[in-house]
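Here's a short set of exercises to work through with the model open beside you. Try each task yourself before reading its solution.

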Amino acid sequence: WQRQKGDPTIQGILEQVLARLIGQAVAVHGSGRTDAGVHALGQVASFRCETRLSPEEILKGLNSLLPRDIAIRGCCRMPDDFHARFSAKSKRYHYRILNPTTRAAVGRDYAWFIHRPLDVTAMGQAAERLIGLQDFKAFESAGSPRAHTRRHVMQAVWVEEPEERRLTFRIEADGFLRGMVRNIVGTLVAVGLGKLDPPAIETILDSRDRRRAGVTAPARGLFLVEVKY
């Protein structure tokens, strides 16, 4: 999401297109940044401008000018005090895992392929220990400016589709640290592979030590699904 020098980003491209459409420089604020390779089905952005265009005309104009891999799903006028990031109450992410016994060709850019059998029951038991207001320092990647590392997780659950050999981790919280979901998923997969027991999640949380947690799951399986206000 975040604007970067020399690299194409959602924010950067959106600001360029809005400037063409509205005829003035526009600063766009997202609900949060998504790392390279992470997908967003429900990203929310806000901006302020002076224009005679209606929200419907802005929506149509943006989608006619944006590249094919960026789509605006809705556009509406908001109160003056609304901010896509600071007004958010919670965010919901999904992480997809494909767990086939043989190699799969379709969907490789949208899931983490794990061929070894996973103990979904144990992963679910471990995920339950993430719910509540806790310190998630042990699941934070480096380089994340924040006032504190406590977050309130409202949901953390695995949904299994046995026929498709697909697992989806659903997590909702009032905020997320950098890399938090991917680091959690990597740790829960370690539980599913029998490398950790479900109660180990509590020990890792208490340690506040990133080295105690599992690997970082690949970005391609992560989706920002919804931002709640």
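**Exercise 1. The β7 sheet partners**

In β8, which residue is the bridge partner of Glu 160? Then work out how β7 pairs on either side.

*Solution.* One note before we start: this is a predicted model.

Step 1. Look across from Glu 160 into β8, and you'll land on Leu 167 as the bridge partner.

Step 2. Now zoom out to the strands. β7 and strand β8 (residues 166–173) pair in the antiparallel sense, with 8 bridges.

Step 3. Check the turn. The hairpin of β7 and β8 has 4 residues between the strands, and Arg 165 there takes a positive phi near 55°.

Step 4. Go to the other partner. Strand β6 (residues 132–135) is joined to β7 by 4 bridges, and the two run antiparallel. For a concrete pair, take Leu 133, whose bridge partner in β7 is His 152.

**Exercise 2. Ala 156 in its surroundings**

Is Ala 156 buried or exposed? Find what it touches once sequence neighbours are set aside.

*Solution.* Step 1. Place the residue: Ala 156 belongs to strand β7.

Step 2. Compare its accessibility with the cut-off. Buried means under 20% relative accessible area. Ala 156 comes in at 5%, so it counts as buried.

Step 3. List the contacts, skipping neighbours within four places in sequence. Ala 156 is then in contact with Ala 127, Glu 128, Leu 130, Ile 131, Phe 169, Arg 170 and Ile 171.

Step 4. Try a distance too. Leu 196 is 40 residues from Ala 156 along the chain, and their C-alpha atoms are separated by 18 Å.

**Exercise 3. Two faces of α2**

Which residues of helix α2 (residues 55–65) are buried, and why do they line one face of the helix?

*Solution.* Step 1. Pick out the buried set: Pro 55, Ile 58, Gly 61 and Leu 62.

Step 2. Look down the axis of α2. The buried residues fall within an arc of 125°, so they line one face of the helix.

Step 3. Recall the helix geometry. An α-helix has 3.6 residues a turn, so residues three or four places apart point the same way.

Step 4. Turn to the other side of α2, where Glu 56, Lys 60 and Ser 64 are exposed.

Step 5. Ask what does the covering. α1 (10–22) is included in what covers the buried residues of α2.

Step 6. Add the loop leading in. Thr 51 sits in the loop between β3 (45–46) and α2, and its 33% relative accessibility makes it partly exposed. Apart from neighbours within four places in sequence, Thr 51 is in contact with Ile 22 and Ile 58.

**Exercise 4. Strand β9 and its neighbours**

How many of the 7 residues of strand β9 are buried? Then compare the sense of its two pairings described below.

*Solution.* Step 1. Count: 5 of the 7 residues of β9 (residues 222–228) are buried, leaving the strand mostly covered.

Step 2. Take the parallel case. Strand β2 (residues 39–40) pairs with β9 in the parallel sense over 2 bridges, and His 39 stands opposite Phe 223 in β9.

Step 3. Take the antiparallel case. Strand β4 (residues 90–98) is joined to β9 by 6 bridges, and they run antiparallel. Here Arg 92 has Glu 226 in β9 as its bridge partner.

Step 4. Follow the chain past β4. Pro 100 is in the loop between β4 and β5 (112–113), and its relative accessible area of 14% makes it buried. Outside the four-place window in sequence, Pro 100 is in contact with Phe 113, Ile 114, His 115 and Arg 165.

**Exercise 5. The second largest pocket**

Which residues lie nearest the centre of the second largest pocket? Describe its lining as well.

*Solution.* Step 1. Start with the volume: about 1,000 Å³ of space lies in this pocket.

Step 2. Go to the lining. It has 36 residues, and those nearest the centre are Gly 32, Arg 33, Arg 85, Lys 91 and Phe 176.

Step 3. Assign elements. β1 (29–30), β4, β7 (150–161) and α4 (180–192) are the ones that give two or more residues to the lining.

Step 4. Sort by class, and you get 12 nonpolar, 13 polar and 11 charged residues.

Definitions and conventions: Residues numbered from 1 in each chain as written. Predicted model: local features only at pLDDT ≥ 70, side-chain atom pairs only at ≥ 80, totals over all residues. Heavy atoms only, no water. Buried < 20%, exposed > 50% of the residue type's maximum accessible area, 1.4 Å probe, protein only. Pairing = 2+ DSSP bridges. Arc of directions from axis to C-beta. Contact = heavy atoms within 4.5 Å. 1 Å grid on protein atoms, 1.4 Å probe; cavity = no way out; pocket = protein on both sides within 12 Å on 5 of 7 lines; lining within 4 Å. Points joined across faces, edges and corners; volume = space filled by probe spheres on them. Nonpolar A, V, L, I, M, F, W, Y, C, P; charged D, E, K, R; others polar.
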